[in-house]
Amino acid sequence: FGRFGTLDGPGLDELVRDRDPALDTKLQQQLAASITAIQAIPVPFDQAILSDDGRTKAMAAVRALQTETETIVEIATLLGVQINLE
């Protein structure tokens with residue numbers, strides 16, 4: 001979002017919003033979902049994944065991040081950036 005410490009400048013959200021407001025909204029919703037899913041993983045992580053509940057929450061976070069990644073690739077394409085995920 002263009003913020004780093006006390007610096008605040010144009011962010012990816014602004015670049016995307018100018019070209020495709022719906023895609024910007026989609027990414028922001030997915031970012032929020034990823035953060036929520038990650039925060040739901042019990043700590044410490046190495047102990048959390050030993051339980052079914054912890055593994056389920058960790059996998060939910062992974063799926064949220066994968067979905068977010070697909071949207072980031074969409075954004076890169078929109079902005080003319082080539083990405084190789086291999």
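**Figure 1. R55 in helix α4 and what sits around R55.** Setting aside neighbours within four places in sequence, R55 touches A48, I49 and L50, where contact means heavy atoms within 4.5 Å. Keep in mind that this is a predicted model: local features need pLDDT of at least 70, side-chain atom pairs count only at pLDDT 80 or more, and totals for chains, interfaces and linings use all residues. Residues are numbered from 1 along each chain as its sequence is written, and side-chain values use heavy atoms, with hydrogens and water left out. R55 is partly exposed because its relative accessibility is 37%; the cut-offs are under 20% for buried, over 50% for exposed and partly exposed in between (1.4 Å probe, protein chains only). From R55 to P42 it's 13 residues along the sequence and 9.6 Å through space, C-alpha to C-alpha.

**Figure 2. A48, tucked into helix α3.** This helix covers residues 45-48; helices here are DSSP runs (H or I, at least four residues) and strands are runs of E (at least two), numbered from the N terminus. A48 has a relative accessible area of 5%, so A48 counts as buried. Once neighbours within four places in sequence are left aside, the partners of A48 are I41, P42, G54 and R55. For a sense of scale, A48 and D13 are 35 residues apart in sequence, with 33 Å between their C-alpha atoms.

**Figure 3. The cis peptide bond at P44.** Look at the link between V43 and P44: this peptide bond is cis, with omega at about -5 degrees. P44 belongs to the loop that runs between α2 and α3.

**Figure 4. Helix α2 packed against helix α4.** The axes of α2 and α4 (residues 52-79) are 9 Å apart, and the packing angle is about 160 degrees. α2 therefore runs roughly antiparallel to α4. Axes are lines fitted to C-alpha atoms, for helices over the stretch in contact, and angles run from 0 to 180 degrees between N-to-C directions. Under 35 degrees counts as roughly parallel, over 145 as roughly antiparallel, 65 to 115 as roughly perpendicular, and the rest as oblique. On the α2 side, the contact uses L23, K26, L27, Q30, L31, A33, S34, A37 and I38. Facing them in α4 are K57, A60, A61, A64, L65, T67, E68, T71, I72, E74, I75 and L78. Sorted by class, the residues of this contact come out as 13 nonpolar, four polar and four charged. Ala, Val, Leu, Ile, Met, Phe, Trp, Tyr, Cys and Pro are nonpolar, Asp, Glu, Lys and Arg charged, and the others, Gly among them, polar.

**Figure 5. Q30 of helix α2, up close.** Q30 counts as buried because its relative accessibility is 14%. Beyond neighbours within four places in sequence, Q30 is in contact with T67, E68 and T71. Those three partners also appear on the α4 side of the contact with α2.

**Figure 6. Where helix α1 meets helix α2.** α1 spans residues 12-19 and α2 spans residues 21-39. Their axes come within 6 Å and cross at roughly 145 degrees. From α1, the players are L12, D13, V16, R17 and R19, and they meet P21, L23, D24, L27 and Q28 in α2. This contact has five nonpolar, one polar and four charged residues.

**Figure 7. Helix α1 against helix α4.** Here the axes sit 11 Å apart, at an angle of about 65 degrees, so α1 and α4 are roughly perpendicular. L12, L15, V16 and R19 of α1 meet I75, L78 and L79 of α4. The contact counts six nonpolar residues, no polar ones and one charged. L15, which is in α1, is partly exposed, since its relative accessibility is 47%. L15 and E68 are 53 residues apart in sequence but 17 Å apart in space, C-alpha to C-alpha.

**Figure 8. Confidence along the chain.** The chain's mean pLDDT (the predictor's confidence in each residue, from 0 to 100) is 93, and 94% of the residues reach 70 or more. Of the chain's elements, α2 has the highest mean, at 97, and strand β1 (residues 3-4) the lowest, at 90.
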